[in-house]
Structures are given as C-alpha cells and as structure tokens.
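Let's practise reading a protein model together. Work through each exercise with the structure in view, and check your steps against the solution.

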Amino acid sequence: MSNITIIYSILAVIGTLVLALIVGTFLPGIERKYIQARIQQRIGPPVTSPGIMAPIKFFFKENISPNSPVPTLYKSLPIVSFIVVILILLALTPQMYFFGALASIIAIVGFLKVEEVAYVLMGSLSKSVMSLGLPFPDIVKGATHPNVQRSYLEDLSSNRAFRMIAFGSFPLYLSIFIPVAITGSIFLGDIVAYQQIHGPFLFTVAGVIGTIVFFIGYMILLNEYPFNILKAKADVIEGPYMEYASKYRSFVYITRGFLMFTLGALFSVLFIGLPPNIFSWGILVNILVAVIFPVIMGIMSAFSPVFTYRQFYPVVIASSLLGVLAIAIGLL
C-alpha cells in the first residue's frame, strides 16, 4: 500500500467521522422540531437545540459527584457509548474492510451489545437524590420490614434496559443477518460487493421485509416512542441519566444523534450496498437515509403513546417472526 493510498484512507475515514458528527447533531432537532412539533401543533425547540446547544450548555456546567457506588465508572459510561458508536461507524467505512473480523456483522453486533449493556450499568450504578425519599419499605425505627433491600427509580430503568437487551434487540439483529443469509458471508466487504453486482437488497422481498424489521429495531434501540420504556417518564425523571451532569451529559446528547446517523449508515451498507465514504457520491445516500429514518420515526412517535409490556412483547415477537421469515427467504 503506497503512502498516497494510506493518506487517502486516513483522510476518508476522518472526514467521514467528522461529517457523521455534524449531520448527527441536527438529526434529533429535525425529528423534534420539524416533525413531532408540527404534527402536535406546537412550536417545539430550535432545530439546533437537542444536538448542538444542549451539549454545549451542559459541557460548561459544573461537574458533580454522582450518588453512585462506583461514580467513576458511572460517569464514564456515556463516553464508552460514544466510543462504541465511533467504532461501529469505522467498521462500516470501506477503508477498514481489510481488518477482516473487525469489519464483520459479528463485530457490529458486539459493539451494539456493548452500547445496550451501558444502559443496564447506568441504571444499576445510579442512586439519585430524587429517589431517596421513594424507596420502600421505610427505614425509620420500628418499620415492619427493616431488613428488606431498598430499591431506586434507576433500578426500574436498569430492569427495563435488561429486558430491552433480552427481547427488544431481536428485530434489529435478525434484520442485520438477512444480508448474511443472502450473500453467505458475515463480512461487510462481501455484502457490499454482492450488491454492487446483483443490485441492492432493498428491492428484494427479503429486503423489503428486512427494512420494516430493521426500522422497528432502530426505534427500539433509540428508545423512542412508543418503545420509550427505558426512561421512567411516569416517575418524572430521566431514568439512568438522572445523575449525569456537565460534560458527561453532553456525551449523552451527542451520542444519540451520532447513533442515529450510524444506524442509517448501517442500513445503507446492508440493504443498499453503499458504505459511508466522504470521497464518494454514495455519502449522499447515507445522509438521505440518516434523515429519512428520524422523519418516519418522528411521525410514528408523534401519534404513539408509551407501550407497556403488554403491547411491547407482541410487537417484538411479531417483528422477530418477520425477521426470521426474511432470513428464510434470503436462504432460498
């Protein structure tokens, strides 16, 4: 590999990451301002508020010591999630395909699982001051259950996050393996090359079903209405995010928009065959997909309540069965 090729690859990867960050900062605002607010006939926040102004505001706020048994680990989790999303996007760029296993479906699934597990740890490691007056049973002298373990509101979010990992992830991961069933390879380079010869999977029966399943998994992974069971909205707090402040909360906002772009790029690679590359016209398709998904999600969220488990489980099961059907069709 010549020095010119190496420099080109480095610039392409860095440029793609920077572009993804820039586009990602606007995606939450587009969803909330131009879609949800319009549908619900309210003004809504400025388009730059969720992804740009909010992170800047929190980054310069005073840092606090969270009420957590492991405060350092708890504060580092948003940064870990941000790094994981970077690694996913890096794996999707064509310049990284020569790394083999690191640019494969297995690596993508592993990175996504780390991002999901972070929510479980956030909930289990947070014991916010907002919860201190709420645990039962009472601990005053003479209480009837003095030795029962106390629970916190963040524990609810942790349990919900664990259920999301155990059940809610199935649609997304099944849809990811549809291209594997069609191509017979787990490597992203092979999946892209196959579509460049035979056409995008998006225009096949398995691809159409997979797109529906992928989008449902996309909403579940982003914890968006109606799948917003991770945050304890009924408890008027932000679930596992309650104790985050300063730059750590900034990373929560930045990571969400960045993840929205990255999942759109993942769809582009798996179902259209166009990896994110700033030096290719295909990057316009990546951006278009990254914008279309939040628009559709915003429309659905504007009309949706929060699902309880009674509605959540049937939707996940039905979506998972569709994913299995698409994989079976892809194998034929």
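**Exercise 1: The whole chain**

Describe how much surface the protein chain exposes and what its secondary structure consists of.

*Solution.* Keep in mind that this is a predicted model.
- Start with the surface: about 15500 Å² of the protein chain is exposed, and 72% of that comes from carbon and sulfur atoms.
- Next, look inward. Of the 332 residues in the protein chain, 52% are buried.
- Now turn to the elements: the chain has 12 helices and 0 strands.
- Finally, consider the contacts with a separation of 6 or more: 80% of them join residues 24 or more positions apart.

**Exercise 2: Serine 169**

Find where serine 169 sits, and decide whether serine 169 is buried or exposed.

*Solution.*
- First, locate the residue: serine 169 lies in the loop between α5 (153–168) and α6 (170–176).
- Second, take its relative accessible area, which is 4%.
- Third, compare with the cut-off: buried means under 20%. Serine 169 is therefore buried.
- Last, look for partners. Setting aside residues up to four places away in sequence, serine 169 touches Lys113, Glu116 and Met164.

**Exercise 3: Glycine 298**

Work out which helix holds glycine 298, and which residues glycine 298 contacts beyond its sequence neighbours.

*Solution.*
- Begin with the position: glycine 298 belongs to helix α11, residues 282–302.
- Check the accessibility: glycine 298 has 0% relative accessibility, so this residue counts as buried.
- List the contacts, leaving out neighbours within four places in sequence: Glu31, Ile35 and Gln36.
- Take one of these partners further. Glutamate 31 is 267 residues away from glycine 298 along the chain, yet their C-alpha atoms are separated by 5.1 Å.

**Exercise 4: Two helices side by side**

Describe how helices α3 and α10 are arranged and which kinds of residue form their contact.

*Solution.*
- Recall what you need: a pair of packed helices is described by the angle and the distance between their axes.
- Read off both values: the axes of α3 (residues 71–92) and α10 (residues 246–272) come within 9 Å and cross at roughly 20°.
- Classify the angle: because angles under 35 degrees count as roughly parallel, α3 is roughly parallel to α10.
- Add the handedness: the crossing of α3 and α10 is left-handed.
- Sort the residues of this contact: 18 are nonpolar, 3 polar and 1 charged.
- Pick some out on the model: the α3 side includes Phe82, Val85 and Leu89, while the α10 side includes Phe251, Phe258 and Leu266.

How values were computed. Residues numbered from 1 in each chain as written. Predicted model: local features only at pLDDT ≥ 70, side-chain atom pairs only at ≥ 80, totals over all residues. Heavy atoms only, no water. Helix = DSSP H or I, 4+ residues; strand = E, 2+ residues; numbered from the N terminus. Buried < 20%, exposed > 50% of the residue type's maximum accessible area, 1.4 Å probe, protein only. Contact = heavy atoms within 4.5 Å. Areas by Shrake-Rupley, 256 points an atom, 1.4 Å probe, with all protein chains shown as cover. Axes fitted to C-alpha atoms, helices over the stretch in contact; angles between N-to-C directions. Parallel < 35°, antiparallel > 145°, perpendicular 65-115°, else oblique. Left-handed = near helix turned anticlockwise from the far one by under 90°. Nonpolar A, V, L, I, M, F, W, Y, C, P; charged D, E, K, R; others polar.
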